[in-house]
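Dear colleague,

Please find below the structure that I am handing over to you. My findings follow after it.

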Amino acid sequence: MKKLILLTLIVILTACSAAAPSELDRNRQTWQDSGVTHYRFSLHIGCFCVFSDKMPITVEVQNGEVISMTYPDGTLVAETDPNYELFSQHATIERLFSELEAGLAGDAEEVTVTYDSTRGFPAEIYFDYIKAAADDELSLSVSNLEVLR
């Protein structure tokens, strides 16, 4: 009888640990399976920020590293630019997935996301970090993804 109870517990625990992948995991896998390593996209960062008039920036990424970020007028976002650090936090698809994962894990009280139906990357993300607070919301929008390979 003890063996039967033990076997039943093992089956139940194994079933619980083999849960279906989350929407985030499925889309991250779709992105990884696409094999895109060199790409360019428009990134719009929406927040209560002074740089709102400089959006969207164009970001080029190769092998997970930011190659360049440029403002809409073509000016390079240099490492000395006061916005460089903030922009670079969001400047690769992999970083967006990481931010989304952190938000869903509890860094934000509300998270909504829309994924690209073909490649799985997060196309629209909205974070409300503290629902009762004003001016803490952040939206990230990815558009015009161009594969450069």
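How much of the protein chain, in percent of its residues, counts as buried? Of its 149 residues, 34% are in that class. Please bear in mind throughout that this is a predicted model.

I begin with the overall make-up. The protein chain contains four helices and six strands. Their order along the sequence is α-α-β-β-β-α-α-β-β-β. If one takes the contacts between residues at least 6 apart in sequence, 48% of them join residues at least 24 apart. The exposed area of the protein chain is about 9000 Å², and 55% of this is supplied by carbon and sulfur atoms.

Next, the packing of two helices. Two packed helices are described by the angle between their axes and the distance between the axes. Helix H2 spans residues 23-34 and helix H4 spans residues 93-107; their axes are 11 Å apart and form an angle of about 175 degrees. Since angles over 145 degrees count as roughly antiparallel, H2 and H4 are therefore roughly antiparallel to each other. On the side of H2, the residues involved are Leu24, Asn27, Arg28 and Trp31. They meet Ile93, Glu94, Phe97, Ser98, Leu100, Glu101 and Leu104 in H4. Sorted by class, this contact of H2 with H4 has six nonpolar, two polar and three charged residues.

I turn now to the cysteines. The structure holds one disulfide. It is formed by Cys47 and Cys49, whose sulfur atoms lie 1.6 Å apart. The link of Cys47 and Cys49 is left-handed, with -120 degrees about the S-S bond. Cys47 has a relative accessible area of 22% and is partly exposed. Cys49, with a relative accessible area of 24%, is partly exposed.

Finally, a residue in a strand. Ser42 belongs to strand S1, which covers residues 38-46. Is Ser42 buried or exposed? Its relative accessibility is 11%, so Ser42 counts as buried, the cut-off for that class being under 20%. Which residues are in contact with Ser42, once its neighbours within four places in sequence are left aside? They are Pro56, Ile57, Thr58, Ser141, Val142, Ser143 and Asn144. In addition, Ser42 and Met69 are 27 residues apart in sequence, while their C-alpha atoms are 9.5 Å apart in space.

With kind regards

Conventions. Residues numbered from 1 in each chain as written. Predicted model: local features only at pLDDT ≥ 70, side-chain atom pairs only at ≥ 80, totals over all residues. Heavy atoms only, no water. Helix = DSSP H or I, 4+ residues; strand = E, 2+ residues; numbered from the N terminus. Buried < 20%, exposed > 50% of the residue type's maximum accessible area, 1.4 Å probe, protein only. Contact = heavy atoms within 4.5 Å. Areas by Shrake-Rupley, 256 points an atom, 1.4 Å probe, with all protein chains shown as cover. Axes fitted to C-alpha atoms, helices over the stretch in contact; angles between N-to-C directions. Parallel < 35°, antiparallel > 145°, perpendicular 65-115°, else oblique. Nonpolar A, V, L, I, M, F, W, Y, C, P; charged D, E, K, R; others polar. Disulfide = S-S within 2.5 Å.
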